[in-house]
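Q: I'm new to reading structures, and I'd like a close look at one part of this one. Please start with the end of a helix, then show me what surrounds it in the rest of the model.

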Amino acid sequence: MMSLLKYRFILLFLAPSMICQAKGNTLYKVASSNVSFSSRAPFELINATSVSLVGVLDTAKNIFLFKMNISSFEGFNNPLQKEHFNEDYMESAQYPDAVYRGKIIENIDYKHSGTYQVRTKGVFTIHGVSHECLIQSTLKIMGQKIFIISDFQVLLRNYNIKIPRIVHNNISQQINISVKATMVPKNNWSKTTE
Amino acid sequence: MRLKILFFFILWTGLTGNGFAQKPFLRSFPLNERHVPVRVNVLLQDAVGFIYLGTENGLVRFNGRDFLPLTRDLKKPYEVLSLASWNGSVWAGTSRGEILKIYHHLGCRQVKTIKVSDSSVPIRCIVSGFPSKTVWLGTENGVFIIKDDTVRRHINNRNGLSDNFVYTICRMASEAIIGTDKGINIIDCSRPKAKIRVITTKNGLPDNIVRVIKRIPRTSRFWIGTQQSGIAIFNAERQKISSVFDVSSWQYGQVNDILPLNDRFAWVVTGKGYLLAARIQDDGRISIQAFHYEGCKFRSLIIDQSGNLWCGTASGFCMLTAEYLKQIPLPAPYAFRKVTALAGRDAHSLWLAQDSTLYKVYFNNDSTGISYFDRLPGYISCMYKDAKGRLWVGTIRQGLFYLDRENRLVACAHAGVLKKSSILSISGANDHLWVSTLTGVYELSVPVSLTSFPRVLNVYQKNSGIGSNYVYQLMSDHQGRIWMATDGTGVCMWNGKEFIHWRNPDSLDSKVAYTMTEDARNNVWVGTFFKGIYTLNEDDLSHVKRVGGVTDANISAIAANKSGQVIAVFERCIDEWYPQSRAFRHFNFRMGLNIDSTSNALNCLTNDEAGNVYIPYQQGILIFTNQINHYSIRSFAHIDGVTAMLQPLKNSEVSYNRNFITINFEGINYTNPERLNYRFKLEGLSKEWIRTNDEFMTYPNLPPGHYTFKVQASLDDHFNQSSEDSFSFTIKAPFWRQYWFYALLAVIFAVLIIGLIKIRDHRQQKWIKLRSERMDFEYEHLKSQVNPHFLFNSLNTLINLIEENTASAVAYTERLSALYQNILIYKNSNLILIKDEIALLSAYLHVQQTRFGDGLKVNINIEEAVLASGKMIPMVLQMLIENAIKHNVVSVSQPLVIDILSKDKRIIVSNPLRPKINEDKGAGIALINIKKRYRLLTRQTVHYGEINGAFVVSLPIL
């Protein structure tokens, strides 16, 4: 039920394209995912992982939307760190989601299996701040499945995330983010939405 | 062994690092005092000359010195993404989908906001000049076409645009060439329904994300800058990509801006901090020379008219000297103070001498370095590379050396006198070598193959015509003549037959010339010992001119490049002459380029084959390059605000009571703004120019009239090359100094005069009337007194009295005569005291009472105060009594009692009404006369009439 609610938002965004593409199986959804970030600061290395990425890819129009819950990150060095992460830095009660919506620049033949280096371009929103982003990704197409692998950096300064001076040596300004996701066709779309 | 050398070579080049030789200087201009980084997205220079910076915090204007935020008063912060200017206004596109239009009206700056669409789509580019005066906006949601500040058309992917994200639009004739995330789109604007043509990777485009499209001047080809695959050239006529830079070797990051300077050359900046010099080769391929600036994420690039490249970066704003000045940074053991001589070697190396050691300086495309070559027994004073590429080295007290075929320095030991002499300068012309020593100038013949030693042909000394034995510099001009800068006789020239001396300029006391050069126009420039710089015509040595605007006197060298610039090196600064502007550009430590000082050795510089000038300085070698375009360093003046009583003007007419005019102006200069000074004049007030360093002028109380304020800015004392800005206004005269007011005044005066005349006339008429009334009155009075009736009665009474009582008859006659005397006395007077009137009355009463006896009784009861000060018309009371007697029965049985009393500031005369049966004619005339006379003197009226059987006359007391 929870996931249904999440999808409703995505549905709204993709609704026009769905109408156009009524028949084709051009919509893919995230089946499984692993999103991790790491902060390499002089004194501390922080890693956290989340598996709650949701998203849709329209292969006909080459557009996508991914969303994940910030508070779903696990695996900090200690519980207090997670609390700080959610309450002080990301303010995840106020800004619960990170959203990346945009388009794939390169034209890909989704019917053929293979590995493609693509550039995705869109608007990345974290902490309530939106920035235009260009992210390099690798798309592996294996039959009906699409694997997405992407590594990129986020500068905290750009997203108005303020780090107190006292932990400057514990938290890096540049956060490395690594995304791995598997996407499958949404064959029975109507069933899920009902 | 070879491997070892290779290893060291790699290590050495690795250590010298990513050093791109001949790197232009980069100077950062902090946008704020606290040096907080500000993202500068886009730059623009407008027609006035200002540079506009579109930053994340709004729009900022730069004049070479100061940054002026233009959108500070707007409530919301605006991120400016695009800029354009035409028709004197600047348009700034924001990230909120709005356009800020900045224009000048009546000398004051105005900002207008145009909302493009309801959703705030960031505006990425603004292009004007399309047919039917439309402006095209490239946004993140397609293209908007606006006209008269309203959106007329929206082109997006539904109309055939390949992608909605538009980076750039470039105009060619009636076609718009649009760079998007999915290739190039070409729209024919003249046919609105025409299909949009799309060029993508399928058509040979190296990358679909086309961030920059810039037209190559005077062609139909375009530079294309992409996100990851570098630059390419798009031919719009053939609709195809004509050449591409090797995509696989593109390592410079995403292309953020391209600045084409001519049909072969463009500067390119990238997000990874590279400045690229991109050239189109003869075979159509693109070659690139890269300069890296660590940490500078370049975003935009423009060039000003003085040749500075200006860059907006992710963290600020900076200037690059790539068009005129580069440097070769040199590591230790380089120390600029000790550099004594410099000479060219080949395209990528120089000879450099420090004291007695000779070094080679390398500056290949990817590395720079300095390596030891040889040491000579004496101090190296000068070096010369002759036409055949051979190096000649002059030393102090150790004679002349040359580099032989085995690359060894060999002394010209045979050449007799030159053996142990001190060499000051070496030059060459027509296969002859000229050497200046402390004992004169030697002309040597040099064998072509250098198999035999040079031979002395001639020796020229003080007495041979030079006039001095000391020649600081020998120079051969383009005709092969030898010029000498001497100590004692200035400049002289050997034309093969004789020595010709310059005509010593009158202002030049010193006859010491240190250094000389021949510029691109074949003028000879001479630097003298503390007496400035002179130019002289090569063919007419009597035509010597002093060059103004030089900042220093302690000159050490002068040189010229091939594009017309002349570089004068001083101990603490460098001046570069710009012939188009007829002014010097000044380089010193204040310019943020770390050019503090140069070598103080005389003539320690060199030119390469192309004409670039190499000058050693404390951190390496400066290269003043030939300039591709003709740059001008002249400054611009701009009037930026005119106020009256500190309020902006509403129109160009100023009323007299707001007559406090303040005019703010500023100068624009990007070379030496710290040296700006101004002159201005106010035409209408004065014809004299006034010099100032202030940037405003206040006129507190100008006389009414029409004025034009003109201001000029200049870097030196000469304003003849400077631009001018002017502002005209009118001070209106106050109303009392305007013609209508004068006319009004004349009318009022005339009315006043006429009025006065009228009043006077009126008065005169009144007076005449009064006189005639009085005469009437007197006449009536006199008539009554000389009435035969009265006389008969009086004379009868007198007869009776004479018979009865002689004494009273005398008294009666006296009173009668007094009565007539009184008439004569008071005939001309208007007023009389009541007291006197009563006295007059008594004479009359005596006459009448004598006649009537007890039949007439007069009771006078007037207050003392009224008696003393009250006034009335003379003879009135007498007339009233006479009147009463005339109209009433007077007898002893029915006595007539007349009461005269004062009441409420009036005198009341009353008598009971007992009219006679037969009335006299003319009854009432006396009363009417009295009333008329009183009316001429007072507003209070005379009342008379019958009240309760009595006839009452009430007279006002005057």
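A: **Where a helix ends**

Right after helix α5 of chain B comes B:G853, a glycine with a positive phi, near 65°. Keep in mind as we go that this is a predicted model.

Now step back into the helix itself. Helix α5(B) covers residues 834-852, which makes 19 residues. From its first C-alpha to its last it reaches 25 Å, close to the 27 Å expected at 1.5 Å a residue. Many of its residues can be found on the list of buried ones: B:I834, B:E837, B:L840, B:L841, B:Y844, B:L845, B:V847, B:Q848, B:T850 and B:R851. When you look for a pattern in such a list, a general rule helps: an α-helix has 3.6 residues a turn, so residues three or four places apart point the same way.

Let's return to that positive phi. As a rule, most residues other than glycine have a negative phi. Chain B also holds residues that are not glycine and still have a positive value. One of them is B:D355, with a phi near 55°. You will find B:D355 in the loop between β32 (349-354) and β33 (357-363) of chain B. This aspartate is partly exposed, because 13 other C-beta atoms lie within 10 Å. Another is B:L646, where phi is about 65°. B:L646 sits in the loop that links β58 (636-644) to β59 (647-648) in chain B. With 8 C-beta neighbours inside 10 Å, B:L646 counts as exposed.

For contrast, visit a buried spot in a strand. B:P24 belongs to strand β1 of chain B, residues 23-24. It counts as buried because it has 22 C-beta neighbours inside 10 Å. Setting aside neighbours within four places in sequence, the contacts of B:P24 are B:F291, B:L320, B:T321, B:A322, B:L325 and B:K326. You can also compare sequence with space here: B:P24 and B:S632 are 608 residues apart along the chain, and their C-alpha atoms are 19 Å apart.

Strands also come together in sheets. In chain B, four strands make an open, antiparallel sheet in the order β15-β16-β17-β18. The edges are β15 (166-172) and β18 (197-199), each with a single partner strand, so one side of each has no neighbour in the sheet. From one strand to the next, the twist averages 20°. If you zoom in on β17 (residues 183-188) of chain B, you can trace three bridges to the antiparallel β18(B). One place to look is B:N185, whose bridge partner in β18(B) is B:V198.

Finally, zoom out to all of chain B. Its secondary structure comes to eight helices and 73 strands. The radius of gyration is 56 Å, well over the 30 Å that the globule rule gives for 958 residues, so chain B is more spread out than a compact globule. Along the principal axes, its C-alpha trace spans about 190 × 85 × 45 Å. Of those 958 residues, 41% count as buried.

Chain A has three helices and nine strands. Read from the N terminus, its elements run α-β-β-β-β-α-β-β-β-β-β-α. Of the 194 residues in chain A, 22% are buried.

Terms used: Residues numbered from 1 in each chain as written. Chains lettered and ligands numbered in written order. Predicted model: local features only at pLDDT ≥ 70, side-chain atom pairs only at ≥ 80, totals over all residues. Helix = DSSP H or I, 4+ residues; strand = E, 2+ residues; numbered from the N terminus. Buried ≥ 20, exposed ≤ 12 C-beta atoms within 10 Å, placed from the backbone. Pairing = 2+ DSSP bridges. Axes fitted to C-alpha atoms, helices over the stretch in contact; angles between N-to-C directions. Expected span 1.5 Å × (residues − 1). Rg over C-alpha atoms; globule rule 2.2 N^0.38 Å. Contact = placed C-beta atoms within 7 Å.
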